[in-house]
Amino acid sequence: MSDIQLTLKIWRQEGPDAPGRFQSYASGPISTDMSFLEMLDVLNERLTGEGAEPVAFDHDCREGICGMCGAVVNGHSHGPEKETTLCQLHMRHFNDGDTLVIEPFRARAFRIEKDLVVDRSGLDKMITAGGFVSVNTGGAPDANAIPIPQKNAEEAMDAAACIGCGACVAACPNASAMLFVAAKVSHLSLLPQGHPERARRALDMVSEMDELGFGNCSNERECEAACPKGISIRNIARLNREFLKAAIFSDED
Amino acid sequence: MILDSKIPDGPLAEKWDRHRFECKLVNPANKRKFDIIVVGAGLAGASASASLAELGYNVKTFCLQDSPRRGHSIAAQGGINAAKNYQNDGDSIFRLFYDTIKGGDFRAREANVYRLAQVSNNIIDQCVAQGVPFAREYGGQLANRSFGGAQVSRTFYARGQTGQQLLLGAYSALMRQVKKGKVEMLSRREMLDVVVIDGQARGIVTRNMLSGVIETHAAHAVVLATGGYGNVYFLSTNAMGSNVTAAWRAYKRGAYFANPCFVQIHPTCIPVHGTYQSKLTLMSESLRNDGRVWVPKNPGDTRPPTEIPENERDYYLENKYPSFGNLVPRDVASRNAKEQCDQGKGVGSTGLAVYLDFSEAISRDGSGVITRKYGNLFHMYEKITAANPMHEPMMIFPAVHYTMGGLWVDYNLMSTIPGLFVLGEANFSDHGANRLGASALMQGLADGYFVIPYTIGNYLATISSSPQDTSHQAFKQVADEAAAKIGQLLAINGKKTVDEIHRELGLLMWDSCGMSRNEAGLQQALARLPAIREEFWQNVAIPGSGQELNQSLERAGRVADFLEFAELMVIDALSRKESCGCHFREESQTEENEAKRDDANHAHVSVWEYTGDGNSPEFHKEPLAFENVQPSQRSYK
């Protein structure tokens, strides 16, 4: 364990309509055992003591699973470590004297609420459009009634691991949510329970994505590189197939 | 008021069926006339919201986070129990019931726990139908694993992310009802109080966390699914936002609080490593299947673990509990780790850690096998500590994890305020004095999917379905009180940050009302708490205003309630003079320093009634009768 000193350039913005700007702070001594969010805690404690407004940032579980945290650090969603959420990024990956530029997840569909906090309700809206299996509580058949090949269950789980953080959207030059939508469409189309609605789901989720102002996919692969859960862009290929099949061959309109 | 748990008559196995038949029904046309508020969108809240909306009720669901997909149920790793007996290894509803009630050290209601075991099977069916990708065997059948406190394999899992997958299943069901217009989802809302009119819960007051606007919402019934209060200790494995506010406000409006001192402290967490630390991270209990726990034999031995020879190590769990060894229940493992550290044999820079060593398992099974079993956990450990458990022992220490105590509810999950229901970790009902692994997910979903949809109708059928609105003056009054409290907080303008005071509270609670408790320590805490509360209300610093996103203000409101609630925990711990499960009173132990229950005097639920600020809470007792199991002293030797 040792201490490092950093220069933090953090995006400060009072509200959705206020102009934002970068503000520089000297971090003071930062233990390399700290997580990135604990480093922000230390800064905020100091700012509060000085009577200044602390930096607003979203966070909750701090275990890398709730998907609430996230910011762009030196141009990378969730910072430079591969497959790591911001809360699981530790300061030992930075060097004494580094400058860190910290800004919110930016996308046309993500309004900035304050500082690093953004509105990601668009992700919920896309799930609402069709990211579910239409089954009411009660009356489900025995869980082992339909065997599911282990390989399919594992592939479905790979896609279902998405934490809905929005890093993929922020990393994409088009601010597309293709990886997010693809993960859900893949998860449910790989399982028999999701089959009855697979065409409708693909059409509705993609159309909702377009309506919300997310961009299109131009195969930059930035989303995959930024995803803290390692969701593969093969899911996007699967989404494209599901969408095409639905648009061309299904009765759904 | 006399506590009536409303346990149905008849044989244990028939109680729930009989009760479902006897519950009054609301006909489908009338369901449309009833509005229900659900606070919280974790497993219990999301599953209740979706199920109630499917029935036809109009549901309004609230959560703190920006999305209902983020409740802290999401962080549960290990799995969910069910009595499916898919492994043909002798499991049954009665065995799951028995293990749960024994694991809880005979401090839970038989009828509730039996119902939990009964509906556990429906939960698995429901989740699979929603598309939850549980682990499967090669042939396509569901896989199971074993877990602490059970001798059968009954735990269903989705890698190390079972909570996430179950929550996303419930969330998808919830969002489907949002699409149908049956649920109105209100995110980034914090419940500040409950509104009680003529003795019935009629609505809530919330703060819009983005705009700061204080809002009022009316309904025919209110369902709290607001989780546990582990963050009273500041450091815990809970999410940062987990809090007691909703439950505490309900308590102050007349809902009784049960067993507040029952807090589960999980033995395998990553140790505290600095004063800036914000939370603790759990390492799945499954690690104890292959890891051996040890400390150096000699206090103060600072050599690196690899340089300490075999004969100078103390494998204290294996030595003390030869038949269970490293697999003793959570409470026993935690207490023993503390005991070793108290003797100066703790390791690491703080001396507050013990080793969990995989070297024997690696040389026995090969590194490939161990990596397949625990690779993701080792990876997580390495990310946080920069040490690789394949090469050196892990360091672990107990941490606050789950609260068995909560608002008192009857068999219908209704609190002592008619119309106020409490689900999941927020209630007290099923885990007694200690929760078994993989049972929290089961209870949250049982309450939400399979209990509340029946029992809420039984209440609604007795009240008028006339439309509810917030015009009653009680709404304005409660909203004004909430606004005044926020104003008061912002006016303090002191010097200490919210976290500084919260840390001080947490340390006091950890030392005096943590893994082991004694009369003197608890009395000291009781004397010290008013001073910390005073310091908070005189000297806390909250920058910014109330009319904006203000995270300092949010935390301050929660800490203000923790500061009051802590006192009730200590009072409860003082009054329970026996040791049971997680609650270890040093005065009540066997000759071998194990927890000693006192069934003659303490076979009851301790239930507390609010009697006004500054007054002592009134104690009520719900006696626990055991007709189907014989309470025995737990032994793991």
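Start with the largest nonpolar core of this predicted model: it holds 289 residues, and the members that touch the most others are V169(A), L179(A), V181(A), I36(B), V223(B), L224(B) and L407(B). With those selected, add helix α12 of chain B, residues 440-460, which gives the most to this core, namely 12 residues. In soluble globular proteins, nonpolar side chains tend to be buried together. To see the surroundings of one of these members, centre the view on V181(A), which, leaving aside residues up to four places away in sequence, touches M126(A), M205(A), V206(A), M209(A) and L239(A).

**Chain A as a whole**

Select chain A next, with its eight helices and seven strands. Its C-alpha atoms fill a box of roughly 60 × 40 × 35 Å along the principal axes, and 55% of its 253 residues count as buried. If contacts in chain A are restricted to residues at least 6 apart in sequence, 72% of them join residues at least 24 apart.

Colour chain A by domain, taking residues 3-111 as domain 1 and residues 121-249 as domain 2. The C-alpha centres of these two domains of chain A lie 29 Å apart, and the contact takes 18 residues from domain 1 and 17 residues from domain 2. On the side of domain 1 of chain A that touches domain 2 of chain A, a colouring by class would show seven nonpolar, eight polar and three charged residues.

**Strand β5 of chain A and its partners**

Within chain A, select strand β5, residues 99-103, together with strand β1, residues 3-12; the two pair in the parallel sense over four bridges. A convenient place to look is L8(A), which stands opposite L100(A) in β5(A). Then add strand β3 of chain A, residues 72-73, which pairs with β5(A) in the antiparallel sense over two bridges, with V72(A) standing opposite E103(A).

V72(A) leads on to S77(A), since V72(A) is among the residues that S77(A) touches. S77(A) lies in strand β4 of chain A, residues 76-77. Is S77(A) buried or exposed? Because 26 C-beta neighbours lie inside 10 Å, S77(A) counts as buried. Displaying its contacts beyond four places in sequence brings up G70(A), V72(A), F105(A), A167(A), A170(A), A171(A) and A226(A). For a distance check, draw a line from the C-alpha atom of S77(A) to that of D60(A): these residues are 17 apart in sequence and 18 Å apart in space.

**Where the two chains meet**

Now show both chains and select the residues in contact between them, 65 from chain A and 64 from chain B. On the chain A side, α1 (36-49), β6 (111-114), α2 (121-130), α3 (150-160) and α5 (178-189) each supply at least two residues, and the largest share, seven residues, comes from α1(A). By class, the side of chain A that touches chain B comprises 29 nonpolar, 21 polar and 15 charged residues.

**Chain B: an enclosed helix and an open sheet**

Moving to chain B, select helix α7, residues 245-252, in which seven of the eight residues are buried, so that the helix is largely enclosed by the rest of the structure. The buried residues of α7(B) are T245(B), A246(B), A247(B), W248(B), R249(B), A250(B) and Y251(B). Just after α7(B), look at the backbone of G254(B), which takes a positive phi of about 120°.

The next selection is an open sheet of five strands in chain B, ordered β12-β16-β15-β13-β14 with antiparallel pairing. At its edges stand β12 (263-269) and β14 (313-314), each with a single partner strand, so one side of each is left without a neighbour in the sheet. Zoom in on β15 (354-357) and β16 (394-403) of chain B, which pair over three bridges in the antiparallel sense; there M395(B) in β16(B) is the bridge partner of Y355(B). Helix α9 of chain B, residues 330-342, packs on this sheet, touching β12, β13 (292-296), β15 and β16 of chain B, and its direction makes about 65° with that of β12(B).

**The two domains of chain B**

To finish, colour chain B by its domain assignment, with domain 1 at 267-397 and domain 2 at 474-615. Their centres, taken over C-alpha atoms, are separated by 31 Å, and four residues of domain 1 of chain B are in contact with five residues of domain 2 of chain B. On the domain 1 side of this contact, the residues divide into no nonpolar, one polar and three charged.

Conventions
Residues are numbered from 1 along each chain as its sequence is written. Chains are lettered from A and ligands numbered from 1 in the order in which they are written. This is a predicted model: local features need pLDDT of at least 70, side-chain atom pairs count only at pLDDT 80 or more; totals for chains, interfaces and linings use all residues. A nonpolar core is a set of buried Ala, Val, Leu, Ile, Met, Phe, Trp, Tyr and Cys residues joined through C-beta atoms within 7 Å. A residue is buried if 20 or more other C-beta atoms lie within 10 Å of its own, exposed if 12 or fewer, and partly exposed in between; C-beta atoms are placed from the backbone. Two residues are in contact if their C-beta atoms, placed from the backbone, lie within 7 Å. Ala, Val, Leu, Ile, Met, Phe, Trp, Tyr, Cys and Pro count as nonpolar, Asp, Glu, Lys and Arg as charged, and the others, Gly among them, as polar. Domain bounds come from an automatic or database domain assignment. Two strands pair if DSSP finds at least two bridges between them. Axes are lines fitted to C-alpha atoms, for helices over the stretch in contact, and angles run from 0 to 180 degrees between N-to-C directions.
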